[in-house]
Amino acid sequence: MSVSPLKVLPFDQILGQERALTILSRALEGGRVSHAYLFVGPEGVGRETVALSFFWYLVCEKKQACGECRPCLKFLKGLHPDFHILEPSGKSIKIEQIRNLEAKLQLHPVESKYRLILLPAAETLTREAANALLKSLEEPPPQTIFVLIAQTPESLLPTIVSRCQLLRFRPLPPSLIEKLLTSRFDKLPEEAKGLALLCEGSIGRALRLSEKGLLEELHRFTVAVSKAEPAQIVTMAETLAGLKDDLALLVELILLWLRQALLSYLGLGDYPKMLPLRPPKDFIIPACGEIEKTFQVLEGNLNLELFFLKLLNTLARLWQETEQAEVSPGGTRAA
Ligand SMILES: [Zn+2]
């Protein structure tokens, strides 16, 4: 059971996952709620938001997420005794956690008609835990509703998938992300526009990029590479090597930025002002190849700082060469 207030929205305020919401609304209205659902889709597109909202309707005495009845109030505070979240303990959901849950499921619901179980990262179930959970899914205890969340169905045992009703969640369109960022998260229009193009349809990712200051790091990265100043390159290599958990996210951001630059050269996308200096066109594809090497390095034990120093110097040289090649004989830069 969670003890912090839940961030829950009623269905009509959740944007962009109409298909899943329609299916769940119909199930609620018709009283034909499945005992287990599997929500699949990328991170940060609303899977957990929809799951919590669905549970909110199920606990409410009036079945309408009124926010005023006793069960609603308890649920919104994260204190509802029939609601359980099973999160990974360390890196995985372990068999002991499933055993614990099974013990709770032996008892009657305390407060509402249903017991509600949410697994926000079902792909982290260990094999033993998944097999134990499978028993509950095959012979569900009465009045128990599971929602499992995963990126893809393939990340779970097929036997688990077959016991759940599958709902797919799709990436959100950039225009919707832009709207959400300005209206709900107080981002400035120009920042929202840039984040929307670089978050691959995930509002969660857009917020992480913004909160962790990774767009600023992208700007610094671009300055270091385009100016080819040794001191800036050294500082940037140190910064990158020290990023730890956010490093992969920043590297993905750099690749998305390059992709957006390429799309803009091809006339297939915008290049908003808030993005860093646009790289020369011929820089983009070879640079992507160099930057992608980072993912292999992250798996191994190489000295990251040295690796980035070399990478940044290679990219700086490439930038200069491609920039010079773009300058026409008359001395003006080509489009
Ligand atoms: Zn209520």
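The C-alpha centres of domain 1 and domain 2 are separated by 40 Å, the two domains covering residues 11-168 and 212-326 respectively, with bounds taken from an automatic or database domain assignment. The model is a predicted one, in which local features require pLDDT of at least 70 and side-chain atom pairs count only at pLDDT 80 or more, whereas totals for chains, interfaces and linings use all residues. Residues are numbered from 1 along each chain as its sequence is written.

The largest nonpolar core, a set of buried Ala, Val, Leu, Ile, Met, Phe, Trp, Tyr and Cys residues joined through C-beta atoms within 7 Å, contains 81 residues, and those with the most contacts inside it are Phe39, Ala51, Phe55, Trp56, Val147, Leu148 and Leu312. Its largest share, nine residues, is supplied by helix 2 (residues 47-59), helices being DSSP runs of H or I of at least four residues, and strands runs of E of at least two, numbered from the N terminus. Because domain 1 and domain 2 both give residues to this core, it lies between them.

In helix 4 (residues 95-105), Gln97, Ile98 and Leu101 are buried, that is, 20 or more other C-beta atoms, placed from the backbone, lie within 10 Å of their own, as against 12 or fewer for an exposed residue and a number in between for a partly exposed one. These buried residues fall within an arc of 95 degrees seen down the helix axis, taken from the directions from that axis to the C-beta atoms, and so line one face of helix 4. They pack against strand 2 (83-85), strand 3 (115-119) and helix 5 (127-138), while the face turned away from the buried side carries the exposed residues Glu96, Arg99 and Ala103.

How values were computed. Contact = placed C-beta atoms within 7 Å.
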